[in-house]
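Morning, everyone. I have one structure today, and I want to talk about its open spaces. Let me put it on the screen.

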Amino acid sequence: RAKADGRNTARFFNKHLKEEESLRLMLARDLEQAISGDQLRLVFQPIADAGSLRIVGYEALLRWKHPTLGDIAPDLFIPVAESTGIITSVGSWVISRALAAASSWPPHMVVAINLSPLQFRSGDLADEIIEAARRWNVAPCRLELEVTESATLLGFQRDNVLVALESLKNHGAKAVMDDFGTGHSSLSNLKDFAFDKIKIDRSFVASMLTHAPSVSIVKAIIGLGKSLGLTILAEGVETEEQLADLRAWGCNQVQGYLIGKPAETIIGSSLAMPVSSNINSFTDTL
Ligand code: C2E
Ligand code: MG
Ligand code: MG
Ligand code: MG
């Protein structure tokens, strides 16, 4: 019986893998049309100062509405775009649209853009970003470039990423390590890359209230970041309780559904609504 169960399990996974593979092939093919066909859009999630909850800027997050499959999550299609190389054109589209959007925001607001390591391959990514900022009249000091640590650590593109981030920093832009704590060599990445900010992965924030080790980890990351002079942001803040703890531990910035969900436009719900104390930051920006 155990053997039969094992075979069924194997068959289930094989079938599942094949289906997943054909889905990936289909997505890879359809992504080519997504840019020209107006199926991509950006949404913007607020980044707030932890103490005052004042909005300091927005992170651009990519959305794809597939003509037949509907909304597809970036966690699913970004890896596909990376595997086919089309991430370069998708990434360029994101850079130019994010800067176009930021050009109409209050001038003190930062715009955070997620970058895939493959975008660094050509070696002219820094120039492309600075040129787009110039075209849209967005001061480079308003730019925050997010790189996930899994990306930087692979060795893969590591030197290109180092050089490009250095060049962007020389123009006044900030380098941000995204999803901190989920990679495999966090500390050597912190040592080698001159990051200005780290974003604590939301998996740690999510388990903070129920899992004592997560509390220790979050506190330790905040302490480490502080001693390195970095800005610390906690991702995925969903409750007042999480916010209170993060503030007490000295976290500088927060992002999450409590402060605002990603939204099409920054005028309206994402700024005005979610947290009562947030209404102040809305009127402050007007
Ligand atoms: P990320 O950069 O770490 O973005 C945070 C993700 O967490 C977003 O998911 C956001 O919608 C979600 N999130 C924010 N606050 C909360 C919360 O309070 N609770 C929960 N449960 N989730 C929250 P999203 O938009 O699905 O993006 C997933 C990932 O896809 C991003 O993670 C980023 O790594 C990647 N991505 C998104 N847009 C781009 C892009 O333009 N270029 C590249 N290369 N990657 C992108
Ligand atoms: Mg990010
Ligand atoms: Mg993240
Ligand atoms: Mg992520």
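Take the lining of the largest pocket, by class. It has 21 nonpolar residues, ten polar and 13 charged. Keep in mind that this is a predicted model.

In total, 44 residues line this pocket. Which of them lie nearest its centre? Those are Leu61, Pro74, Asp75, Asn114 and Asp178. The space inside comes to about 1200 Å³. Which element gives the most to the lining? Strand 2, residues 55–66, with six residues.

Now, what takes up that space? Ligand 1 does; the space it takes is the largest pocket. Two or more residues of the shell around ligand 1 come from each of these elements: strand 2, helix 2 (74–84), strand 4 (110–115) and strand 6 (174–180). Strand 2 gives the most here too, with four residues.

How many residues surround ligand 1? The count is 23. The closest are Arg63, Asn114, Asp178, Glu238 and Tyr257. Asn114 and Asp178 should sound familiar: they are also among the residues nearest the pocket centre. By class, the shell divides into nine nonpolar, five polar and nine charged residues.

On to the polar contacts. I will pick out three, each to an oxygen atom of ligand 1. Start with Arg63: a side-chain N or O atom of this residue is 2.8 Å from a ligand oxygen. Then Glu59, where a polar side-chain atom lies 3.0 Å from an oxygen of the ligand. Tyr257 uses its backbone instead: an N or O atom there lies 2.8 Å from a ligand oxygen. How much of ligand 1 does the protein cover? On its own, the ligand has 810 Å² of accessible area, and the protein covers 87% of that.

Last item: cavities. A search of the whole structure turns up one of 30 Å³ or more. The volume of the largest cavity is about 50 Å³. Where does the largest share of its lining come from? From helix 6, residues 158–170, which gives four residues. The full lining is Leu162, Leu165, Glu166, Lys169, Ala175, Asp192, Phe193, Ala194 and Phe195. By class, that makes six nonpolar, no polar and three charged.

To recap. Ligand 1 takes the space of the largest pocket, and strand 2 gives the most residues to the shell around it. The largest cavity has helix 6 as the main contributor to its lining. That's it from me.

Notes: Residues are numbered from 1 along each chain as its sequence is written. Chains are lettered from A and ligands numbered from 1 in the order in which they are written. This is a predicted model: local features need pLDDT of at least 70, side-chain atom pairs count only at pLDDT 80 or more; totals for chains, interfaces and linings use all residues. Side-chain values use heavy atoms; hydrogens and water are left out. On a 1 Å grid over the protein atoms alone, a cavity is a set of points where a 1.4 Å probe fits but cannot get out, and a pocket is an open set with protein on both sides within 12 Å along at least five of seven lines; lining residues have an atom within 4 Å of a point. Grid points are joined across faces, edges and corners, and a volume is the space filled by probe spheres set on the points. Ala, Val, Leu, Ile, Met, Phe, Trp, Tyr, Cys and Pro count as nonpolar, Asp, Glu, Lys and Arg as charged, and the others, Gly among them, as polar. A residue is near a molecule or strand if one of its heavy atoms lies within 4 Å of it. A polar contact is a pair of N or O atoms within 3.5 Å; within protein, one must be able to donate a hydrogen and the other to accept it, and residues adjacent in sequence count only if both atoms are side-chain atoms. Accessible areas come from the Shrake-Rupley method with a 1.4 Å probe; for residues, only the protein chains shown count as cover. A molecule sits in a cavity or pocket if more than half of its atoms lie within 2 Å of its grid points.
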